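I opened this entry to keep a record of what I looked up, in the order in which I looked it up. The notes begin with single residues and then turn to helix packing and the core.

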Amino acid sequence: MDIFSTRLRERAKTLGFSNATVAEKVGLDSRRYGHYVTGRNEPDLATLARIAVVLKTTPNYLLGFEETELPAKLEALVGAAKHLNDVQIEMLIDFAEATLRKKT
């Protein structure tokens with residue numbers, strides 16, 4: 001799985017994470033995570049999901065099913081939205097939709 005190991009390295013580099021940092025945040029031994037980075041082993045589904053969360057991406061992206069990640073500003077918006085309550089999210093959606101209507 002060359003694409004997987006490549007994307008693990010690229011994504012960690014983008015976030016400024018070392019392999020040891022990613023491993024610790026995922027809850028893995030550094031050596032085990034290193035095997036994923038080198039392509040020697042592949043994670044199980046639960047581990048893949050935890051890695052994707054730590055690397056702030058999706059399993060599909062890491063596996064090569066998605067060609068691009070979210071643009072940085074959209075990624076930041078999604079990250080911020082995770083801390084909003086339902087009413088605030090609805091307000092944000094309303095604002096985005098109103099902005100789109102005004103633009104056209």
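**Entry 1: H35**

I started with H35, which lies in helix α3. I note at the outset that the model is predicted, and I read every value below as computed from it. Is H35 buried or exposed? H35 counts as buried, since its relative accessibility is 16% and the cut-off for buried is under 20%. Not counting residues up to four places away in sequence, I found that H35 touches R40 and N41. I also looked up a pair that is distant in sequence: H35 and S5 are 30 residues apart along the chain, and their C-alpha atoms are 9.0 Å apart in space.

**Entry 2: T47 and R50 in α4**

I then went to helix α4, where I looked up T47 and R50. T47 has a relative accessible area of 2% and is buried, whereas R50, at 35%, is partly exposed; I assigned these classes because buried means under 20% and exposed over 50%, with partly exposed in between. With neighbours within four places in sequence left aside, T47 is in contact with L28, R32 and Y36. On the same terms, I list V26 and L28 as the contacts of R50. For R50 and V26, which are 24 residues apart along the chain, I noted a C-alpha separation of 5.8 Å.

**Entry 3: α2 against α4**

The contact between R50 and V26 led me to the packing of the two helices. How do α2 and α4 cross? Their axes come within 9 Å and cross at roughly 120 degrees, and α2 and α4 are therefore oblique to each other, because the roughly perpendicular range runs from 65 to 115 degrees. I recorded the crossing of α2 and α4 as right-handed. From α2 the contact takes V22, K25 and V26, and from α4 it takes R50, I51 and V54. Sorted by class, the residues of this contact are four nonpolar and two charged, with no polar ones.

**Entry 4: α2 against α3**

Next I looked up the other partner of α2 on my list. The axes of α2 and α3 are 9 Å apart, and the two helices pack at an angle of about 115 degrees; α2 and α3 are therefore roughly perpendicular to each other. This crossing, in which α2 passes α3, is right-handed. On the α2 side I wrote down N19, A20, V22 and A23, and on the α3 side S30, Y33 and V37. The class count for the contact of α2 with α3 is five nonpolar, two polar and no charged residues.

**Entry 5: V22 and the core**

V22 appears in the contact of α2 with α4 and in that of α2 with α3, so I looked it up by itself, following the rule that contact means heavy atoms within 4.5 Å. Apart from neighbours within four places in sequence, V22 is in contact with A12, F17, Y33, V54 and L55. I then turned to the largest nonpolar core, which has 17 residues; those touching the most other members are L8, V22, Y33, Y36, I51, L55 and L62. Which elements give two or more residues to this core? I found α1 (2-15), α2 (19-26), α3 (30-38), α4 (45-54) and α5 (59-63). The largest share of the core, four residues, comes from α4.

Technical notes:
Residues are numbered from 1 along each chain as its sequence is written. This is a predicted model: local features need pLDDT of at least 70, side-chain atom pairs count only at pLDDT 80 or more; totals for chains, interfaces and linings use all residues. Side-chain values use heavy atoms; hydrogens and water are left out. A nonpolar core is a set of buried Ala, Val, Leu, Ile, Met, Phe, Trp, Tyr and Cys residues joined through side-chain atoms within 4.5 Å. Buried means under 20% relative accessible area, exposed over 50%, partly exposed in between (1.4 Å probe, protein chains only). Axes are lines fitted to C-alpha atoms, for helices over the stretch in contact, and angles run from 0 to 180 degrees between N-to-C directions. Angles under 35 degrees count as roughly parallel, over 145 as roughly antiparallel, 65 to 115 as roughly perpendicular and the rest as oblique. A crossing is left-handed if the near helix is turned anticlockwise from the far one by less than a right angle, and right-handed if clockwise. Ala, Val, Leu, Ile, Met, Phe, Trp, Tyr, Cys and Pro count as nonpolar, Asp, Glu, Lys and Arg as charged, and the others, Gly among them, as polar.
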